[in-house]
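Here's a quick briefing on the binding sites in this one. Have a look at the sequence and the model first, then we'll go through it topic by topic.

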Amino acid sequence: MADKAEALTTGSDTDGADGGGKASPCHVAIIMDGNGRWATMRGRPRLFGHHAGARRVREIVQACPDLGVKYLTIFGFSTENWKRTQIEVAGLMSLFRSYIRKEARALRDSNVRVRFIGDRPGLDQKLRELMDELEEMTEGCTGTNLTIALNYGGRDEVARATKRLAHDVAAGRLDPESVDEETLPKYLDTCVLPDPDLVIRTSGEARISNFLLWQSAYAEYEFIDTLWPDFTKEVFAGVLENFGSRDRRFGGAKG
Ligand code: IPE
Ligand code: IPE
Ligand code: MG
């Protein structure tokens, strides 16, 4: 919880030493969409697009410190993505395993702390082991906080959290009368993370597809046409620039 307290008090940062610069979002969450269309446009199988998308992740993670992004959360595989063909699902799982194997050292050496959110028991044992190892390996890293959502669905997360909360009530560890809007987030997969300030979705779709439902209550949204494999650090910087001119009121009134 110490982590969460630190993150919450940090909040969104400003560029200027005098605090008069443009605000950068402390926590950016990205729905990395459009890999399949990117591949189809090139006459290639969908997995070709997923591989191109995975290569883009490194560039975006590396850009975070310079752009003032302390937390980056990326949507890799949803609880609904199991509906895809067996070939695509198996290819994606294999890609996640090889991504972790290939990137682990570079992530740790770049001081990136990696966490995973989502329903782990639904993933294969080898992938789960690699996820655990990467989390342990980067536990002491103090730079960018990278959270990867795998087998993640916002509704599934809230349902799992509610189940654990109900167990605590049944066991007498939690007074039902004390439950308020601070209680549930402590049971979510994101319990140590601040809420996202900005959610970006690539590929032109304007929906959130079950991503961070609870956490995004006051996030700003950017839906951009760029397909994920074309999302360069320059495109990323441009989207963050727009964020700086947003007026976030959180229900209050201007002035
Ligand atoms: C996003 O790209 C990656 C995953 C969902 C795993 P898509 O595979 O959804 O690409 P499109 O939307 O079909 O183009
Ligand atoms: C959301 O994209 C999930 C990920 C990016 C991992 P989808 O492509 O699965 O979303 P829908 O089906 O278009 O809503
Ligand atoms: Mg898609």
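How far is a polar side-chain atom of Arg84 from an oxygen atom of ligand 1? In this predicted model, that distance is 2.6 Å. The protein covers 87% of the 380 Å² of accessible area that ligand 1 has on its own. Ligand 2 gets its own section below, and after that come the pocket and the cavities.

**Ligand 1: contacts and surroundings**

- There are 13 residues around ligand 1, and the ones that come nearest are Asp33, Gly36, Arg37, Arg46 and Arg84.
- Arg37 puts a polar side-chain atom 2.7 Å from an oxygen atom of ligand 1.
- Asp33 joins in too, with an N or O atom of its side chain 2.8 Å from an oxygen atom of ligand 1.
- If you sort the shell around ligand 1 by class, you get two nonpolar, six polar and five charged residues.

**Ligand 1: where it sits**

- The space that ligand 1 takes up is the largest pocket.
- Three elements give two or more residues to the shell around ligand 1, namely helix H2 (35–41), helix H3 (46–67) and helix H4 (86–109).
- H2 provides the largest share of that shell, with three residues.

**Ligand 2: contacts and surroundings**

- The residues surrounding ligand 2 are Ile31, Met32, Asp33, Phe75, Gly76, Phe77, Asn81, Arg84, Arg201, Arg207 and Ser209.
- Asp33 and Arg84 are on that list, and both are also among the residues that come nearest to ligand 1.
- Asn81 has a polar side-chain atom 2.8 Å from an oxygen atom of ligand 2.
- For Arg207, an N or O atom in the side chain is 2.8 Å from an oxygen atom of ligand 2.
- With Arg201, the distance from a side-chain N or O atom to an oxygen atom of ligand 2 is 3.2 Å.
- On its own, ligand 2 has 390 Å² of accessible area, and the protein covers 78% of that.
- The class split for the shell around ligand 2 is four nonpolar, three polar and four charged residues.

**Ligand 2: where it sits**

- Ligand 2 also takes up space in the largest pocket.
- Strand S4 (residues 71–78) gives the most to the shell around ligand 2, namely three residues.

**The largest pocket**

- Its volume is about 640 Å³.
- The lining of the largest pocket runs to 32 residues, and Met32, Asn35, Phe75, Gly76 and Asn81 lie nearest the centre.
- Of those, Met32, Phe75, Gly76 and Asn81 also turn up around ligand 2.
- At least two lining residues each come from H2, H3, S4, H4 and strand S6 (145–152).
- By class, the lining of the largest pocket breaks down into 16 nonpolar, nine polar and seven charged residues.

**Cavities**

- The structure has two cavities of 30 Å³ or more.
- The second largest cavity has a volume of about 30 Å³.
- Lining the second largest cavity are His27, Thr73, Thr190, Leu193, Pro194, Pro196, Leu212 and Gln215.
- That lining divides into four nonpolar and four polar residues, with no charged ones.

Technical notes
Residues are numbered from 1 along each chain as its sequence is written. Chains are lettered from A and ligands numbered from 1 in the order in which they are written. This is a predicted model: local features need pLDDT of at least 70, side-chain atom pairs count only at pLDDT 80 or more; totals for chains, interfaces and linings use all residues. Side-chain values use heavy atoms; hydrogens and water are left out. A residue is near a molecule or strand if one of its heavy atoms lies within 4 Å of it. A polar contact is a pair of N or O atoms within 3.5 Å; within protein, one must be able to donate a hydrogen and the other to accept it, and residues adjacent in sequence count only if both atoms are side-chain atoms. Accessible areas come from the Shrake-Rupley method with a 1.4 Å probe; for residues, only the protein chains shown count as cover. On a 1 Å grid over the protein atoms alone, a cavity is a set of points where a 1.4 Å probe fits but cannot get out, and a pocket is an open set with protein on both sides within 12 Å along at least five of seven lines; lining residues have an atom within 4 Å of a point. A molecule sits in a cavity or pocket if more than half of its atoms lie within 2 Å of its grid points. Helices (H or I, at least four residues) and strands (E, at least two) are DSSP runs, numbered from the N terminus. Ala, Val, Leu, Ile, Met, Phe, Trp, Tyr, Cys and Pro count as nonpolar, Asp, Glu, Lys and Arg as charged, and the others, Gly among them, as polar. Grid points are joined across faces, edges and corners, and a volume is the space filled by probe spheres set on the points.
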